[in-house]
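Dear colleague,

I am handing over the structure that we spoke about, and I would ask you to look at it before reading my notes. What I found in it follows below.

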Amino acid sequence: MPAAGVVLIIAVLLIVLALVYYLVSTIVELRKITAGLDGAIAGVGEIIEKSAPVAAVVQDINRNLDAGVDLLEGLLVKKAGLHDAMGLIDGLYAGAAAEGLRNFPESRTITAPRISEVYTKGTLTLARLGREAPIAVASPAGPVLRNVEGGSLDARSLYPETRQTRPQKLPRSPVIGTGAPVQYEPSEQRGGTTPDEAEIREKGPWAETAAEGIVPAELGGSDAPREMLAEDPQLGSSALGETTGSDTPATESGIDPSAGDDADATSDGGPELPEGAEPDLKDAAAAPRKVDADSADTKDGSAT
Amino acid sequence: MTLWWIGDVLLLVVILPVVVYLLKGVLDAARSIEPSVRRIAAAASAGSKDLDAVPLLLTTQGQVKQTVEVVAGYGGSLDVIIDDAEES
């Protein structure tokens, strides 16, 4: 074999070796790529699977939110009117009125009125309903619902008024009667008796008003020290008198409490008129009234 | 004979280097793809993990529905108790 043939064979062999080396290396790399793509495809498959219901859910959410927006926009415009509605929106979110309402395209052309925190119309409506005005929602006591008194006070506080400068919590007016939080025992008694619980039960609730007694001395009552009283107290003890503080009768025979039980002023009262005499006009007022006389006759008749 | 030698030289000096160059290019390209594929697989896996929160959308859906129902009830009540605006 000539030398040139040997060199040719060697050259071809070298080419084949190079082809084998690089092609095998390429095959190995391609297998790695295939394995990597399998992993990527698996991940993408999970993404597709997990995101499949998203569209339907999001569409449903958007549909519900759209319904809510439609409802709130419609309600606001219906209750406040489109003009005031834009003012209210702009008062809450400055500049928001420029975007207008979604369902009311004409709202974009409306110049929003300046409505600050106080919307008189709404406040009056809330006050009329007995509800707390929005301006007072931040009250430490919390919003008041169906509190006519609270709603009235808050509606009143919307307007400048010097009374608002008074303390928020004035002491409550004193409660009188046996249920009063503070009981003032009378330090003096100028007549009558202080009813106890039994007497109050017997006479009724009206008798409780007497249980508060009179102004105690330490609060400047009439029996307070002279320096606590005004320069010219209206009445002194000598004018007002005082009770004995004892149940002992003032007379020897005492007082017969049953003496008045049989009294009959309607039949026994008045002057003795002569029998058969023509009554004089001046005696007309002394005579018992006809209704009283009739009542007495009825009573006598029923007794007999 | 001379032609044989010329053929040998061409084979060794031209054909073999060209073949080697081309095969090396293919191998380099294949090796450069593999890291990219790995990154794609990692990204797909991370994306799939991020979508694990998708079921929470069902909760959101229910809550939105409830909220809108409450808003509808509240708005309906306001519609009854508050007078409509007077049309000017």
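**Two chains, helix against helix**

The crossing of H1(A) and H1(B) is left-handed, a term used when the near helix is turned anticlockwise from the far one by less than a right angle, whereas a clockwise turn would make the crossing right-handed. Please keep in mind that this is a predicted model, in which local features need pLDDT of at least 70 and side-chain atom pairs count only at pLDDT 80 or more, while totals for chains, interfaces and linings use all residues. Residues are numbered from 1 along each chain as its sequence is written, and chains are lettered from A and ligands numbered from 1 in the order in which they are written.

Helix H1 of chain A covers residues 3-51, and it packs against H1(B) at an angle of about 10°, with the two axes 8 Å apart. Here the axes are lines fitted to C-alpha atoms, for helices over the stretch in contact, and angles run from 0 to 180 degrees between N-to-C directions. H1(A) and H1(B) are therefore roughly parallel to each other, since angles under 35 degrees count as roughly parallel, over 145 as roughly antiparallel, 65 to 115 as roughly perpendicular and the rest as oblique.

A second pair is formed by helix H2 (residues 54-92) of chain A and H2(B), which pack at an angle of about 15° with their axes 9 Å apart, and these two are therefore also roughly parallel to each other. H2(A) likewise passes H2(B) in a left-handed crossing. Among the residues that meet there are A:Leu71, A:Leu72 and A:Lys79 in H2(A), and B:Val68, B:Leu78 and B:Asp79 in H2(B). The residues of this contact divide into 15 nonpolar, five polar and four charged, where Ala, Val, Leu, Ile, Met, Phe, Trp, Tyr, Cys and Pro count as nonpolar, Asp, Glu, Lys and Arg as charged, and the others, Gly among them, as polar.

**The contact as a whole**

The contact between the chains takes 45 residues from chain B and 46 residues from chain A, two residues being in contact if their C-beta atoms, placed from the backbone, lie within 7 Å. On the side of chain B that touches chain A, helix H1 (2-50) and helix H2 (56-81) of chain B each supply at least two residues, and H1(B) gives the most, with 26 residues.

**One residue to look at**

A:Lys79 is found in helix H2 of chain A and is partly exposed, with 19 other C-beta atoms within 10 Å; a residue is buried if 20 or more such atoms, placed from the backbone, lie within 10 Å of its own, exposed if 12 or fewer, and partly exposed in between. Not counting residues up to four places away in sequence, A:Lys79 touches B:Leu78, B:Ile82, B:Asp84 and B:Ala85.

**Each chain, and its confidence**

Chain A has eight helices and zero strands, and chain B comes to two helices and zero strands; helices (H or I, at least four residues) and strands (E, at least two) are DSSP runs, numbered from the N terminus. Of the 304 residues of chain A, 10% count as buried. The mean pLDDT, the predictor's confidence in each residue from 0 to 100, is 89 for chain B and 71 for chain A. Within chain A, confidence is lowest in helix H4 (residues 148-156), at a mean of 52, and highest in H1(A), at 92.

With best wishes
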